[in-house]
Amino acid sequence: MAETVFARIIRRELPAQIEYEDEEVIAFRDINPQAPVHILVVPKKPIPTLNDAAEEDIPLLGKLLWVARHLAQRLGIAERGYRLVLNCNSEAGQTVFHLHLHLLGGRPFHWPPG
Ligand code: 5GP
């Protein structure tokens, strides 16, 4: 699988505004933010899309939600509300093929998103 820009951020070869990191997960500000808070929550394991996740990845997938919630609380958007987005493959708008969760907040969102 081709290397992505996120792999280079994880290895610190590219700069990013990192908001959280542990041995399994890194979270950093999106370079093209769609909201006042727009953070990408990324497993360090290079899973290209959700379709490629294995059963053994279930705890890691759960951890992405946990980290997103932790960041929402830390950044003060938990009570107002926030949106989590996971794009899978090109029709959904996925452009970086290293699984990630978008944490978006700090402005109102509408549903359906269109
Ligand atoms: P996707 O469309 O794949 O769900 O989301 C990929 C996201 O990665 C986009 O929102 C895009 O702005 C962000 N992105 C792409 N390249 C970089 C980069 O080099 N640094 C950061 N921080 N974000 C990036």
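This text walks through a predicted model, from its strands to its nonpolar cores and then to the ligand site.

Strand E1, residues 18–21, pairs with E2 in the antiparallel sense over three bridges. A hairpin of three residues joins E1 to E2, and Glu 21 has Ile 26 in E2 as its bridge partner. On its other pairing, E2 runs antiparallel to E3, with five bridges between them. One of the bridge pairs here is Arg 29 with Ile 39 of E3. E2 is mostly covered, four of its five residues being buried.

The largest nonpolar core has 16 residues, and those that touch the most other members are Val 25, Ile 39, Val 41, Leu 64, Leu 71 and Leu 103. Two or more residues come from each of strand E2 (25–29), strand E3 (37–43), helix H2 (58–74) and strand E5 (101–105). The helix H2 gives the most, with six residues. A separate core of eight residues includes Ile 9, Ile 10, Phe 28 and Val 42.

Ile 39 shows how these elements meet. Leaving aside neighbours within four places in sequence, Ile 39 is in contact with Ala 27, Phe 28 and Arg 29, among others. Its further contacts include Leu 71, Leu 75, Leu 101, His 102 and Leu 103.

His 102 leads from the core to the ligand. This residue lies in strand E5 and counts as buried because its relative accessibility is 12%, under the 20% cut-off. The side chain of His 102 makes polar contacts with two other histidine side chains: that of His 38 at 2.8 Å and that of His 100 at 3.5 Å. Not counting residues up to four places away in sequence, His 102 touches Asp 30, His 38, Ile 39, Leu 40, Arg 83, Leu 84, Val 85 and Asn 87.

The ligand is surrounded by 16 residues, of which Asp 30, Gly 93, Thr 95, His 100 and His 102 are the closest. Oxygen atoms of the ligand lie within reach of both side-chain and backbone atoms of the protein. A polar side-chain atom of Asn 87 is 2.9 Å from a ligand oxygen. From the backbone, a polar atom of Gly 93 lies 2.8 Å from an oxygen atom of the ligand, and an N or O atom of Val 96 lies 3.0 Å from a ligand oxygen. Taken alone, the ligand exposes 520 Å², and the protein buries 82% of that area.

Methods. Residues are numbered from 1 along each chain as its sequence is written. This is a predicted model: local features need pLDDT of at least 70, side-chain atom pairs count only at pLDDT 80 or more; totals for chains, interfaces and linings use all residues. Side-chain values use heavy atoms; hydrogens and water are left out. A nonpolar core is a set of buried Ala, Val, Leu, Ile, Met, Phe, Trp, Tyr and Cys residues joined through side-chain atoms within 4.5 Å. Buried means under 20% relative accessible area, exposed over 50%, partly exposed in between (1.4 Å probe, protein chains only). Contact means heavy atoms within 4.5 Å. A residue is near a molecule or strand if one of its heavy atoms lies within 4 Å of it. A polar contact is a pair of N or O atoms within 3.5 Å; within protein, one must be able to donate a hydrogen and the other to accept it, and residues adjacent in sequence count only if both atoms are side-chain atoms. Accessible areas come from the Shrake-Rupley method with a 1.4 Å probe; for residues, only the protein chains shown count as cover. Two strands pair if DSSP finds at least two bridges between them.
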